[in-house]
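Me: I'd like to go through how the labels for this structure were earned. Can we take them one at a time?

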Amino acid sequence: MWRRWFLPLCLTLFLSLAALEVQADLKIGVAGAHSGDLAPYGIPARDALALAAEKLNAAGGLLGQKVQLVVLDDVCKPGVAADVANKMVAERVVAVIGHICSGATKAALPIYQAAKIPVISPSATSPELTLEGRYPLFFRSIPHDAKQAMVQADFIVQKLKAKTAVIVHDKGDYGKALALLVEQELKKRGVKILMVEGVTPGAVNYSALVRKIGREAPDVVAFGGYHPEATKIVTQARKRRIKSAFISGDGVKDPSFIKIGRHYVEGYYATSPADISGLPQTQQVNQELADRGQSSGNFGLQAHAAFTALVQAIKRAGSTDPEAIKKQLHAQTVDTVLGKIHFDPQGDIVGAGISLYQVKDAQFVDLNFQPEP
Amino acid sequence: MSEGFYYLSEIFFAGLTRGSIYALLALGYTMVYGILGLINFAHGEVYMIGAFVGLVFASLFSIMGYSHLALFAVALAAAVIWAGAYGFTIERIAYRPLRKAPRLAPLISAIGMSIFLREYVILAQTSDFVAFPALFEGLPDLGPLRDFIQPGELVITLVTLGVLGLLFVLIKFTKLGLAMRAIAQDREMAMLLGVDSDRVISYTFVLGSMLAAVGAILIAAHVGQINYHIGFIVGIKAFTAAVLGGIGSIPGAALGGLILGLTESFATGYISSDYEDVFAFAILVLILIFKPAGLLGKNRQEKV
């Protein structure tokens, strides 16, 4: 008796599951740090994506299906990120927007690559992720670190006409990597590097280093790091009447930099992702997020733009086939909250670029610098 | 004079400035250790709080339009008083109840106090860097000397020397100094002879904290910014300086601070700032190999 019913029962269950599968939503993975120290980097991206997905579903979804976000937390740890990637594969997501940290992204990419899942990161800026060319299905909606270095180097050579440079960094992941990239780019452009120095963040003062810079008297000092050290060094340098130009990355482009550095930081150059807060669609998204008590924070807009690009690519491909999505991502230009963007053959964003700012009258002023090729 | 000599003296004065700050803090570590055999890990935080108190008062009085010099004096006085009060309170809360406990207990309590104070400043003030009024900017130009030393650095060095002198007089010629030395030598004996050891220990904490506050105001006015974390690295370096000079020895702490500051400065000036910390700790290791009790420290006999 029992045996007679067993097989049909199983069949029914199996078929019903299959039927559920057919009707299931179109799943898009959202991976990043949503708890822990680095949560402020991941949560705005998650919130912006939830908003974008809600709007898309309200407007009829994608390819006739509802979009469902699969949100997983990798706490920015490579080990956890690999687990997250495996879960994403098991969930059969169509694509992933994430991860947030470069290290986590690096750990997860081989798994996505093996499963042929396209990935767009809104924030992983480590250059090798795209430049090494190992992950053709990987894109990112933020310029990589080397871009800033290239813009700085171009500016130093083309506008400042500098012949000699001193490189200083804070020995940290961000500052050191950026400073050494600038060094590399400057060498390529024939600028003489007089010295490369690393400072300990939080040290009492940097007088000895500043005197050393004074002795070398370079045309330009490129500092990789954050604003507290930058203000200490440049203040000391100006007090000692060192005339060299100073340039840094987005680590110094912070209001406290000017508040603390006062007149000593006048004329300081800084590269940073272009300020896009003036675009109407950007203002709208920011407003909608604010209405929900959220904010676009650090990478929310990049995540939103990644989502827009992905959705348009899937629409144009008419399917969720990874190769077709990849082809469309490369081919299309899409209007996003970052402005009109497309992806270069390596998967890096083009259009939402790096701007060069200078401190003038206690404001960061965009110099609208365009590097000559 | 040759350019090489100019550079040498520049690096020397840069090191002297840094060494002065280390020395001021190292004194606090060493005095407490000398008397209690305890390492006061919250000392760096007292330094940080001194800087914040100075900031509050300097900002308050700068609104009223006082001159830089007056502001400096006000900030210094306020910071010294507040830090002294903090030192007194920390000793009462975190160390006195543990006077008879095993040695590790007050050490853990010190670390706890340090974390508490840092978090307290984050909550009560801010976790951001804040600008400290540039109190040394009104100082006159030093004329021919300005290639060697900035006015601010000169003030730091001179004030430190003055404070060291005062401390020397206090330790050598006052009753409190005598009591401190007596307790450092043998606490039980001193108590038998009628020294109120708890009171002297309190004074020691107050004194050490005041010195830290002086250092904090000097350097904050010089570099122009502070945050809740500034006491951490300086604290470690000053502790290193105290060990280097022989922990428990007051001249040793001053000497250790200067040696450490100069070593770091010369390492940066002539080799690379990448190796600044390496040289600082290498010299510590070297000195401890040849003089395990530090430069001026005495070998303590384990009391049984």
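Me: How many residues of chain A are in contact with chain B, and how many of chain B with chain A?

Reply: 22 residues of chain A are in contact with 30 residues of chain B, where contact puts C-beta atoms, placed from the backbone, within 7 Å. This is a predicted model, where local features need pLDDT of at least 70 and side-chain atom pairs count only at pLDDT 80 or more, while totals for chains, interfaces and linings use all residues. Residues are numbered from 1 along each chain as its sequence is written, and chains are lettered from A in the order in which they are written.

Me: Which element gives the largest share of the side of chain A that touches chain B?

Reply: H8(A), with six residues.

Me: Why are H2(B) and H9(B) called oblique to each other?

Reply: Their axes come within 8 Å and cross at roughly 135°. Under 35 degrees is roughly parallel, over 145 roughly antiparallel, 65 to 115 roughly perpendicular, and the rest oblique. So H2(B) and H9(B) are oblique, and their crossing is right-handed (the near helix is turned clockwise from the far one by less than a right angle). Among the residues that meet there are Tyr47(B) and Met48(B) in H2(B), and Phe232(B) and Val234(B) in H9(B).

Me: What makes H8(B) largely enclosed by the rest of the structure?

Reply: 23 of its 27 residues are buried, so H8(B) is largely enclosed; buried takes 20 or more other C-beta atoms within 10 Å of the residue's own.

Me: How do you know that the span of H8(B) is close to the expected one?

Reply: H8(B) reaches 39 Å from its first C-alpha to its last, close to the 39 Å expected, which is 1.5 Å times one less than the number of residues.

Note on methods:
Contact = placed C-beta atoms within 7 Å. Helix = DSSP H or I, 4+ residues; strand = E, 2+ residues; numbered from the N terminus. Axes fitted to C-alpha atoms, helices over the stretch in contact; angles between N-to-C directions. Buried ≥ 20, exposed ≤ 12 C-beta atoms within 10 Å, placed from the backbone.
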